[in-house]
Amino acid sequence: MKVLAVENNAELLKLLSHLLEKEGFEVHTATGGAEALQKFADVKPDIACLDVLLDDMSGYDICRQIRKIDADMPVLLITSKSRASDISEGMAAG
């Protein structure tokens, strides 16, 4: 199973990738939104793990773009945000 892991913190991305690979996933990484969308198009992952707070685009925005192409692919949003409005925004993004 192919996973697209998107995180702008290099250490966290390395850790996330290691943990996923240890569980047998084929991991493709990106550090920003534009790179993530290009990898999504190239790799056609089965699932995406998206950091919400990126430098060039939010994980919410990436999720919205993914949903235009694939409405059913599982997407996990990774964030330290926990307000009800943050949860609502994530759900609205798809």
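Visitor: Why is Asp61 called partly exposed?

Guide: Asp61 has a relative accessible area of 34%. Buried means under 20% and exposed over 50%, with partly exposed in between (1.4 Å probe, protein chains only), so Asp61 counts as partly exposed. A word on the background: this is a predicted model, where local features need pLDDT of at least 70, side-chain atom pairs count only at pLDDT 80 or more, and totals for chains, interfaces and linings use all residues. Residues are numbered from 1 along each chain as its sequence is written, and side-chain values use heavy atoms, leaving out hydrogens and water.

Visitor: What makes Arg64 and Asp61 a salt bridge?

Guide: The term asks for a side-chain nitrogen of Lys or Arg within 4 Å of a carboxyl oxygen of Asp or Glu. In this pair the closest N and O atoms are 2.8 Å apart, so the name fits.

Visitor: How do you know that Glu35 forms a salt bridge with Lys39?

Guide: Their closest N and O atoms are 3.9 Å apart, therefore the pair meets the rule too. By this rule the count comes to two salt bridges.

Visitor: Why is Lys39 called partly exposed?

Guide: Lys39 has a relative accessible area of 26%, so the label follows from the cut-offs. Glu35, at 35% relative accessibility, is partly exposed as well.

Visitor: Why does Arg67 have no salt bridge?

Guide: The nearest side chain of opposite charge, Asp70, is 5.2 Å away from the buried Arg67, so the rule is not met. A polar atom of the Arg67 side chain does lie 2.7 Å from the backbone oxygen of Met73.

Key:
Lys and Arg count as positive and Asp and Glu as negative; His and the chain ends are not counted. A polar contact is a pair of N or O atoms within 3.5 Å; within protein, one must be able to donate a hydrogen and the other to accept it, and residues adjacent in sequence count only if both atoms are side-chain atoms.
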